[in-house]
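I opened the notebook to get to know a new chain. My plan was to begin with the overall fold and then follow a few residues.

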Amino acid sequence: MAYSDLHEFIDKLEKKALIKRIKAETDSELEITEITDRVVKNGGPALLFENVRNSKFPLLINTFGSYERLNLALGVEEIEEVAEKIGDFIDAANYAGFIKTVKAVPSLLQLTSVFPIKLPTKGKCQQIIDYSPDLGKLPILKCWPGDGGKFITLPVVITKDPETGIQNMGMYRMQVYDGQTTGMHWHLHKDGRSIYDKYRAIGGIMPVSVVIGCDPVVIYSATAPLPEYIDEILFAGFLRKKPVSLVKSITNDIYVPANADFILEGYVDTREELRLEGPFGDHTGYYSLADMYPVFHLTCMTYREDAIYPATVVGKPPMEDCYLGKATEKLFLPFLRIQFPEIIDINFPLEGVFHNCVIVSIKKRFPGHAKKVMNSIWGSGQMMYTKMIIVVDESVNPHDLSTVAWKVFNNIDGRRDIVFSDGPLDALDHASLQRHYGCRIGIDATIKFPEEGYSRTWPDEIVMSESIKALVTKRWKEYGF
């Protein structure tokens, strides 16, 4: 089903007893984080804090923190239901601008039913308009003791390309400096940073609208690693099988989800000096270091009369963001297979916090095939950040970490099977000698061909015969063997 807003999704969670309401007064500084961390790591429910100190707004957290809630958020029984259609969507969306002239193409016609709808009236998100906004009214979290301050942790940041007029939607943390300014954590490689650089080149003011609280599919879409030409709002419509209704922001020309809870309208002045942002307790389990980032200026805040403030906490895995990452892993595997059909399956282990390690199983056909896959992955969008790529044969389940470790420990020769590759790294990486750039490693744990320099006979794995296994199952069943 498609949820009209976050409130409808909360109702669904309540019907299934997947959310817990906390009526006691709770502090947004550290206390909510500690509660949430314990609940997440014990597989607990979503939490709705109804009485956050010094704020009239309830706070929702751990919304996506289980596979069951994630599936409910995306409106599916299993994520694989929609995963196989991702490739067709991305291929069709590449030609979205030509839909009117190519209506004979069925895959393009499907997009017309999920294009966002721009409403001519105000939305629920604009029931209350505050031209003298104060971020201090919101229950914004200070998550960890060493954080540089309070951070908005689940913002959907919408900007508009000054050259194409196309909107971009991304999720970038926002450190609160005071009631009207925040940091804007645009990494070097992010689309938001690219648009910022375009405004900076023309010396202009960059309009920004930040959405806090909306349909859970829209929230997820803001995190999805889509190709640059794909509109995230269109992708959200595809996932929810229903278009997203949009309204124009009150003070700028950016369109926002009509039923959102909060809209923070403002701007980034590209001529303004950058400001120190951070540290921040990040999803790596370490504090990301303080650095210089653009400043967002809040000029208008609109919100619903029944607004709820959603947040998330990141830290040592597993945390809520791990489930969002696993959704991306499953949703984009078919698209990756279209590009590289030898790939059977992939696994981003939670301990690798997604950009540090990926395990790939392949159907190996020729010498050097594993190395070809490594370099292909490093050349694919945000996967360029992957610090370690482990390649195994198709018979190995990459999600079975014990078997993967056994293959790596037994199947590699250090000189032959380890690849070092210098290239881009995530801005959060703290181990490299310099920011944004360092050494990545590939490990080929596949069976080696003679053409790869292996002149000996590769040994067979020890496997019991099927007839004996069947005999023991039948004869010793009563003993539980």
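Before counting, I fixed my terms: helices are DSSP runs of H or I with at least four residues, strands are runs of E with at least two, and both are numbered from the N terminus. I also noted that this is a predicted model.

**Entry 1: overall fold**

I counted 14 helices and 25 strands in the chain. Next I looked up the radius of gyration, which is 24 Å; the globule rule gives 23 Å for 481 residues, so the chain is as compact as a globular protein of that length. Along the principal axes, the C-alpha atoms fill a box of roughly 75 × 55 × 55 Å.

**Entry 2: inside and outside**

I checked burial and found that 54% of the 481 residues are buried. For the surface, I got about 22,200 Å² exposed by the chain, with 54% of that area supplied by carbon and sulfur atoms. I then looked at contacts between residues at least 6 apart in sequence: 70% of them join residues at least 24 apart.

**Entry 3: charges**

I tallied 54 positive and 63 negative side chains. The centres of these two sets lie 3 Å apart.

**Entry 4: cysteines**

How many disulfides does the structure hold? I found zero. I wanted a reason, and Cys143 gave me one: the closest cysteine sulfur, in Cys322, is 15 Å from its own sulfur, which is too far for a bond, as a disulfide needs the two sulfur atoms within 2.5 Å. Cys357 is in no disulfide either, with the sulfur of Cys322 as its nearest, 14 Å away.

Are these cysteines buried or exposed? Cys143 counts as buried because its relative accessibility is 4%, under the 20% cut-off. Cys357 has a relative accessible area of 12%, so Cys357 is buried as well.

**Entry 5: Thr26**

Where is Thr26 found? I located Thr26 in the loop between strand S1 (19-22) and helix H2 (31-41). Although it sits in a loop, Thr26 counts as buried because its relative accessibility is 3%.

I listed what Thr26 touches, leaving out residues up to four places away in sequence. The list holds Glu31, Ile32 and Ile35, along with Phe49, Asn51, Val52 and Arg53.

As a last lookup, I took the distance from Thr26 to Leu274: the C-alpha atoms are 34 Å apart in space, and the two residues are 248 apart in sequence.

Note on methods. Residues are numbered from 1 along each chain as its sequence is written. This is a predicted model: local features need pLDDT of at least 70, side-chain atom pairs count only at pLDDT 80 or more; totals for chains, interfaces and linings use all residues. Side-chain values use heavy atoms; hydrogens and water are left out. Buried means under 20% relative accessible area, exposed over 50%, partly exposed in between (1.4 Å probe, protein chains only). The radius of gyration is taken over C-alpha atoms; the globule rule is 2.2 Å times the number of residues to the power 0.38. Contact means heavy atoms within 4.5 Å. Accessible areas come from the Shrake-Rupley method with a 1.4 Å probe; for residues, only the protein chains shown count as cover. Lys and Arg count as positive and Asp and Glu as negative; His and the chain ends are not counted. The place of a charge is taken as NZ of Lys, CZ of Arg, CG of Asp or CD of Glu.
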